[in-house]
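Student: I have a new structure open and would like to learn how to read it. Could we go through some features together?

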Amino acid sequence: MLSIKNLHVCIDGKEILRGINLDVKAGEVHAIMGPNASGKSTLAQLLAGREIYKVTAGSVHYLGRDLLAMSPERRACEGVFLAFQYPVEIPGVSNALFLKTALNAIRKYHRLPELDAMDFLKLVRERMNRVGMDEALLLRAVNEGFSGGEKKRNEILQLNILQPKLAILDETDSGLDIDALKLVADCVNDMRGPDRAIILVTHYQRLLDYIVPDAVHVLSQGCILKSGGADLAKDLERHGYNWLETGDLIKQIA
Amino acid sequence: MTTTQQLNELINREYQHGFYTQLEADTIPLGLNESTIRLISAKKNEPAFMLEWRLKAYQHWLTLSEPRWSNLDWSPIDYQNAYYYSAPKSEKNGPRDLSEIDPELLRTYEKLGIPLKEQKMLAGVAVDAVFDSVSVATTFKQNLSTLGIIFCPFSEAVQKYPDLVKQYLGSVVPYTDNFFASLNAAVFSDGSFCYIPPGVHCPMELSTYFRINAKNTGQFERTLIIADKDAYVSYLEGCTAPMRDEHQLHAAVVELIALEGARIKYATVQNWYPGDKEGKGGIYNFVTKRGDCRGEKSHISWTQVETGSAITWKYPSVILRGNGSVGEFYSVALSNNHQQADTGTKMIHIGRDTKSTVLSKGISAGYGQNTYRGLIKVLSDAENARNYTQCDSLLLGEHCGAHTFPYIEVKNPSAKVEHEASTSRIGEEQLFYCTQRGISPENAVSMIVSGFCKAVFQELPMEFAVEAQKLLGVSLEGSTG
């Protein structure tokens, strides 16, 4: 589904990603782990279409097409979804209107009839219940005055409603208490399926106790240092990121 | 194509009302002097008191110079190089009903989406339309007159209701008020007149559409609305003009008078031609609007959506004379490309227990400069006066500016005056958040801006709120942070 080849990315002349190679097949869940400033969020945002980054080399193909040539809204309509690490506030725009506009924009792109207010409300109520979100948040402005946990749940609600093919979750677990984490994990597990791929960007092993990934990649200083199965995350948790980096260093010196 | 490119394309979308209607016009000679005024007055067949008033205004105007205290920059206006009267020729004997109106003119109004024609009357809006200098049609006159409501062109009111005109004309905005108000008093050619008798709740929105069509023509209309004791009226004004390379002057005056217990809601959707991307052409909009809450517990509210004009100089104000009277000002002002807006309000608290609310939303895009200028004045007898002012600015892009000049003068210690202000920018992050959910950049910007303006749009009559939202979409979409 997603094929990243030798991807180099800069921001303000500084190279953040230095030759990433990654293949994600439909049906798989991949976890991307790594210390702060390793380039995890850059990779997530770049895939979603953020324009502040500059690709200096490499390619990204999504469902066989050049992803980098698509606008962010086109990517979204084609099924690429990013759950933001820091969701922004949009004053005066109700959460309900925002979600309905997004859903209908995507439906329209696929030549599906737009949902009217009644059908939309039915859908959104049911999903909010699933995500454990207070219905009152529908009428509030997008993310305005939401707690950290409410913002993250709101992202998961959007994920649930928009039903993308490739879901990228950027540190959705950070700032969640254990109950909320479980609930979010349940929602994500629900969405696992043969036609959908999920990329979890996370700092901690904790989330992976609830969502067991098919592959784990460790990102450090813009490169994938190591890839492995679910066990790799456990090793990391035990030894810390230094364990890998030191190993890598020794290999390079030797 | 990147988001930024798309947005830039959108921001450069052209003015939608820029067409010009080919009509035979009756225009008087270029320039301004006493005989111009006599000629206008004669064309209108005015009684002597009107001519006298105009001439006094003209004499006073000669002693004044253009006000330059605002945060606006405009090239000098040559008042001798303009026509002060232009009327579609067919008007000569006065149209008695719609069938007598030049079909070309009706088509113009159709293009503007004005419900002049019979089948559109179901929309429930009574319209007076002022084309260049004259009022061409007033719909619904019959229905309204059964309630005793007078809604007609100003020139007609001068003929039919000279006593009312004499009593109220200039009683809120005297001809000595300011440079542009004096000029208007001297040369105004038409406008709308409205009188709601005591206790009558006007059952429909009254509306005036202004259009400047002829070249080199200034438009000077005058609107006078009187709501007698316990009466109610909601009034809407809309404006457009063709695209022209040279600037055109619009200097209107609106006077509102609310007697005891009366309420007037006045809404404006102003979409004069704003000039091109480089700032060439566009309307100079110098307007004096003032309401007088003359009676106890009277209530006047101004709502304005200002999207057009090269220059906007406009401060709809309320004099809170009656005890317990209420004044409100809700404003959305947009300046894009090279537009400049210096707008705001004045709330003058004179009576006891008077209340005023000011909610101003300024949006700047491109190279636009947007200034809020507001005065809250509480005089010494105004016990328990209250004011709340909120003033928010939204910036789109790097080259625009937002400025706020609040003036507060309080002479009574019991007064409570609050002022809140904020400035924000539509950020690349906000836009990305929307586009990442599949929403196009144009819809994202208009959604964000509508959210910003929501509190003001809520004050507009329903159908016009939709209109205003669309207009804002057309005028401002675009420009990233």
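Tutor: Gladly! Let us begin with a pair of residues: in S10(A), A:Leu200 is the bridge partner of A:Ala31. Please keep in mind that this is a predicted model.

Student: In which sense do S3 and S10 of chain A pair, and over how many bridges?

Tutor: Strand S3 (residues 29–33) and strand S10 (residues 197–202) of chain A pair in the parallel sense, over 5 bridges. S3(A) also pairs with strand S11 (residues 215–220) of chain A, again in the parallel sense, over 4 bridges. There, A:Met33 stands opposite A:Val218.

Student: How many residues of S3 in chain A are buried?

Tutor: For burial, we count the other C-beta atoms within 10 Å of a residue's own: 20 or more means buried, 12 or fewer means exposed, and partly exposed lies in between. By that count, 5 of the 5 residues of S3 in chain A are buried, and the strand is mostly covered. You can look at its two faces in turn: A:Val29, A:Ala31 and A:Met33 are buried on one side, and A:His30 and A:Ile32 are buried on the other.

Student: Let us try a helix now. Which residues of H6(A) are buried?

Tutor: The general idea comes first: an α-helix has 3.6 residues a turn, so residues three or four places apart point the same way. Now the case here: A:Leu181, A:Val184, A:Ala185, A:Cys187 and A:Val188 are buried in H6(A). Viewed down the axis of H6(A), the buried residues fall within an arc of 160 degrees, so they line one face of the helix.

Student: What do the buried residues of H6(A) pack against, and which residues are exposed on the other side?

Tutor: The buried residues pack against helix H4 (117–131), H5 and S10 of chain A. On the other side of H6(A), A:Asp179 and A:Asp190 are exposed.

Student: How does the expected span of H6(A) compare with the distance between its end C-alpha atoms?

Tutor: The two agree: at 1.5 Å a residue, the 14 residues of H6(A) should span 20 Å, and the end C-alpha atoms are 20 Å apart.

Student: What about the backbone angles? Which residue in the loop between H5 and S9 of chain A has a positive phi although it is not a glycine?

Tutor: That is A:Gln163, with a positive phi of about 45 degrees. Its loop runs between helix H5 (148–162) and strand S9 (166–170) of chain A. A:Gln163 is partly exposed, because it has 15 other C-beta atoms within 10 Å. A:Glu171 is not a glycine either, and has a positive phi of about 50 degrees. You will find A:Glu171 in the loop between S9 and helix H6 (178–191) of chain A.

Student: Is A:Glu171 buried or exposed?

Tutor: A:Glu171 counts as buried, because it has 21 C-beta neighbours inside 10 Å.

Student: Let us step back to the whole chain. How many helices and strands does chain A have?

Tutor: Chain A has 8 helices and 12 strands. Its radius of gyration is 18 Å, close to the 18 Å that the globule rule gives for 254 residues, so chain A is as compact as a globular protein of that length. The C-alpha trace spans about 65 × 40 × 35 Å along its principal axes. Buried residues make up 43% of the chain.

Student: And what does chain B contain?

Tutor: Chain B has 11 helices and 23 strands. Of its 481 residues, 56% count as buried.

Notes:
Residues numbered from 1 in each chain as written. Chains lettered and ligands numbered in written order. Predicted model: local features only at pLDDT ≥ 70, side-chain atom pairs only at ≥ 80, totals over all residues. Pairing = 2+ DSSP bridges. Rg over C-alpha atoms; globule rule 2.2 N^0.38 Å. Expected span 1.5 Å × (residues − 1). Arc of directions from axis to C-beta. Contact = placed C-beta atoms within 7 Å.
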